[in-house]
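Let's take a walk through this one together. Keep the sequence and the 3D view open side by side as we go.

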Amino acid sequence: MTTKSAAAATLATAHGYPRQGRGRELKKAIEGYWKGAVTAEVLLATAADLRRGNWQQLADSGIEEVPTGDFSLYDHVLDTTVAVGAIPPRHRAAVDADPLDGYFAMARGNQDVAPLEMTKWFDTNYHYLVPELGPDTAFAANPAKAVAELKEALALGHGARPVLVGPVSYLLLAKPAPGVAPDFQPITLLDRLLPVYAELLAALRAAGAEWVQLDEPALVQDRTPAELNSAARAYRELGAPTERPKLLVASYFDRLGDALAVLAKAPVEGLALDFTGPAAANLADLAAVGGLPGKRLVAGVIDGRNIWINDLGASLATLATLLGLADRVDVAPSCSLLHVPIDATLERDIDPQIARWLAFAKQKATETALLARALREGTGAITAELAANRADLASRATSPITRDPAVRARTAAVTPGDARRAQPYPVRAAAQRARLALPLLPTTTIGSFPQTTELRVARADLTAGRIDAAAYRERMEAEVREVVAYQEKTGLDVLVHGEPERNDMVQYFAEQLTGYLATRHGWVQSYGTRYVRPPVLAGDISRPQPMTVDWFRYAQDLTDRPVKGMLTGPVTMLAWSFVRDDQPLAETARQVALALRDEVADLEAAGAAVVQVDEPALRETLPLRAAGRPAYLDWATEAFRLATSGVRADTQVHTHMCYAEFGAIMTAIDELDADVISLEATRSHMEVAGELASAGYPREVGPGVWDIHSPRVPSTEEAVELLRAGLAAIPAERLWVNPDCGLKTRGWPETRASLESLVAAARRLRAELAG
């Protein structure tokens with residue numbers, strides 16, 4: 001048992017903080033730089049101001065040890081790629097010519113070079129840039145960014161701890177570079193990488209770092225004995241030198257499992273563990289391995305991924321147990337606060353009762369400091385705060401906002417038959433081909449078209465009262481007319497209305513469903529300069545009235561070609577929202593699915609022959625450990641089928657997924673029973689087509705042939721090459737031609753050029769197949 005004097009050393013700390021600034025100043029500066037309107041000097045000065053502001057916000061909240069190195073112009077994994085010198089050969093010239101432009105070339109590509117692949121950061125909606133490694137990769141330490149930011153914080157008087165992606169996770173997150181054998185294992189480069197990490201650590205120590213945090217979240221996933229041995233070897237080697245900073249190895253998002261014993265025995269001075277959600281199992285696991293005698297424990301007892309207030313009493317109980325399991329216990333959120341908005345007090349339009357239940361990054365920092373104070377001084381030091389917290393928790397538990405008896409009765413009445421199509425796929429396919437009469441290799445887009453400045457201004461004008469609803473509707477209808485006419489002229493086969501009226505694919509629906517609430521300033525980074533405002537799921541879900549039918553009907557009346565009805569699926573509605581933590585996710589998903597089922601029925605009644613229900617988040621929400629996956633996939637696929645299974649045989653159901661590793665969910669993709677699925681495939685070089693073929697996927701597929709997250713315009717030849725790779729795995733009768741994702745972030749010039757390449761590629765291959 002530790003002594004009270006050991007507890008008195010408790011600090012409040014954090015793993016990371018939102019990067020964007022209260023007014024998304026970073027986004028504006030970076031995009032201005034890309035357009036040539038902002039100089040590099042102004043961009044870097046803006047970034048420095050935001051870093052300083054973040055540290056001061058944390059310090060003002062009571063955080064005594066701030067993180068450095070977590071701030072990024074695009075992505076922290078890409079920053080690690082730069083720090084270890086793993087620049088892909090195709091980007092080397094650009095990086096050598098101008099490091100900043102080369103950095104952005106790796107992130108988003110340019111007309112001369114393709115970017116790195118992008119995928120989801122574990123089970124979050126944050127995207128990272130995937131390192132590309134091979135047997136010939138040569139690493140070289142580049143500590144400039146890490147050292148400079150540490151020195152900035154120290155010069156300002158902050159206690160600071162640099163944060164780096166750890167070497168094991170970096171390699172486990174990497175993929176074989178293009179041209180490298182697909183079975184190459186980047187983890188085999190560990191012995192080559194470790195000396196580079198040792199150089200980085202030495203440079204940080206020389207710059208004044210007492211502690212350095214190495215993040216190893218990949219170790220919370222199921223790992224082989226060989227991978228665990230690699231982790232043990234990595235930290236034996238990094239922990240051996242005497243002239244180095246103290247090492248804090250951090251994990252988050254789930255329990256460490258077998259890796260906990262490995263890290264507990266390693267010659268490092270501390271561990272940072274998550275004790276929230278499924279990671280709460282770390283508490284018992286830590287006791288089972290005998291605790292961390294002589295080591296520092298940074299206890300993540302505040303959920304860093306959701307926006308509900310912490311149960312301070314419960315967290316104090318956890319911390320009291322942990323005090324007996326480590327030499328020193330510090331308090332932190334469970335992970336970087338990158339995943340939550342900045343400040344709940346900015347939300348002045350939220351019901352005051354609900355506002356009491358919310359904690360964004362700034363509030364979570366305050367909660368962290370309160371808990372650390374209670375450990376140092378005793379709970380009597382925060383008596384008033386504990387009483388207020390208990391009252392707020394009770395307010396939420398008893399509020400009628402959270403429960404709707406009619407919704408609960410409807411979900412309870414669902415039967416297994418409600419989540420199954422009445423006809424098998426072959427019957428449906430024949431009926432759909434007869435109704436739609438589409439050509440071979442039909443072309444379509446994923447849904448959205450460019451969200452132009454004019455559209456955003458119109459939306460802002462409506463919100464501010466400068467125009468009325470009728471004027472706004474007129475402006476949106478004009479955009480729909482332009483989008484439909486363009487698609488007809490270009491030769492697309494299945495059209496969309498372009499979604500000009502939608503601010504976001506989740507928020508748009510959340511604003512029309514009961515139980516959800518939207519924020520004004522709750523921005524969270526998704527990737528690069530793309531920020532979203534996840535709505536808050538506060539109560540039971542229902543649909544008061546149709547949400548998309550009028551827009552579908554308006555677009556379909558403009559053309560004889562089929563127009564897709566466009567909806568966001570139930571799992572994505574949860575994954576890209578801040579979900580309830582007071583009931584199982586499966587229950588919430590069923591509520592959302594039933595609301596969408598009503599919308600699908602209304603679209604079909606309005607004449608929709610094609611309805612697309614997007615589920616890009618199905619893979620990202622997959623539990624990190626295999627043991628939790630069957631139950632998740634059961635309710636997730638059931639929710640999709642519940643939303644879509646009420647339609648006739650000749651109504652074609654599409655779904656869409658993007659920017660994830662799909663191999664782990666091939667069976668679930670089949671279980672969705674969608675007639676057509678479109679998937680990201682460009683950056684991963686059409687590998688998903690082979691995965692689907694190997695899994696025996698029997699339905700129609702649209703693997704993307706245009707990477708819409710890059711400004712590059714693909715040539716017709718590039719699209720043809722990708723389609724040939726697709727055709728090698730999927731018969732032409734089941735292959736669609738489409739972009740990787742929606743087009744809202746692209747401009748009209750590149751959209752026109754890229755879609756014309758896409759259509760031309762489809763036509764060329766149709767002619768070849770017909771000949």
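What follows is a short tour, starting at the N-terminal end and moving on to two helix pairs.

One thing to keep in mind: this is a predicted model.

Let's begin with T10, which sits in the loop between α1 (4–8) and α2 (25–35). Is T10 buried or exposed? Its relative accessibility is 1%, so T10 counts as buried; the cut-off for that is under 20%. The side chain of T10 reaches the backbone oxygen of V329, at 2.8 Å. V329 also turns up among the contacts of T10 once you set aside its neighbours within four places in sequence: the full list is E64, V329, D330, V331, A372, L375 and R376. Hold on to L375, since that residue comes back below.

Staying in the loop between α1 and α2, look at R24. R24 isn't a glycine, yet its phi is positive, at about 55°. Then comes α2 itself, where L26, K27, A29, I30, G32 and Y33 are buried. An α-helix has 3.6 residues a turn, so residues three or four places apart point the same way. With that in mind, try picking out L26, A29, I30 and Y33 among the buried residues of α2. What covers the buried residues of α2? The cover includes α3 (40–61), α6 (99–108) and β14 (530–532). Just after α2 you'll find another positive phi, about 85°, this time at G36.

For one more backbone oddity, jump to F122, in the loop between β2 (118–120) and β3 (127–129). F122 has a positive phi of about 55° although it's not a glycine. At 8% relative accessibility, F122 counts as buried, because the limit is under 20%.

Now for the first helix pair. Helix α13 (residues 312–322) packs against helix α15 (residues 361–377) at an angle of about 50°, and their axes are 11 Å apart. That angle makes α13 oblique to α15. The crossing of these two, α13 and α15, is right-handed. On the α13 side, the contact is made by L312, S315, L316 and L319, and α15 brings E367, L370, L371, A374 and L375. Sort the residues of this α13–α15 contact by type and you get seven nonpolar, one polar and one charged. And here's L375 again: it belongs to the α15 side of this contact, and T10 is in contact with it too.

The second pair is α20 (residues 469–490) with α22 (residues 549–556), packed at an angle of about 45° with axes 10 Å apart. So α20 is oblique to α22, and the crossing of α20 and α22 is right-handed. Which residues meet here? From α20 they are R473, M476, E477, V480, R481 and V484, and from α22 they are D550, W551, Y554 and A555. The residues of the contact of α20 with α22 divide into six nonpolar, no polar and four charged.

Finish at A406, in helix α17 (residues 405–412). A406 counts as exposed because its relative accessibility is 55%, and the mark to pass is over 50%. A406 and P135 lie 271 residues apart along the chain, and their C-alpha atoms are separated by 60 Å.

Terms used. Residues are numbered from 1 along each chain as its sequence is written. This is a predicted model: local features need pLDDT of at least 70, side-chain atom pairs count only at pLDDT 80 or more; totals for chains, interfaces and linings use all residues. Side-chain values use heavy atoms; hydrogens and water are left out. Helices (H or I, at least four residues) and strands (E, at least two) are DSSP runs, numbered from the N terminus. Buried means under 20% relative accessible area, exposed over 50%, partly exposed in between (1.4 Å probe, protein chains only). A polar contact is a pair of N or O atoms within 3.5 Å; within protein, one must be able to donate a hydrogen and the other to accept it, and residues adjacent in sequence count only if both atoms are side-chain atoms. Contact means heavy atoms within 4.5 Å. Axes are lines fitted to C-alpha atoms, for helices over the stretch in contact, and angles run from 0 to 180 degrees between N-to-C directions. Angles under 35 degrees count as roughly parallel, over 145 as roughly antiparallel, 65 to 115 as roughly perpendicular and the rest as oblique. A crossing is left-handed if the near helix is turned anticlockwise from the far one by less than a right angle, and right-handed if clockwise. Ala, Val, Leu, Ile, Met, Phe, Trp, Tyr, Cys and Pro count as nonpolar, Asp, Glu, Lys and Arg as charged, and the others, Gly among them, as polar.
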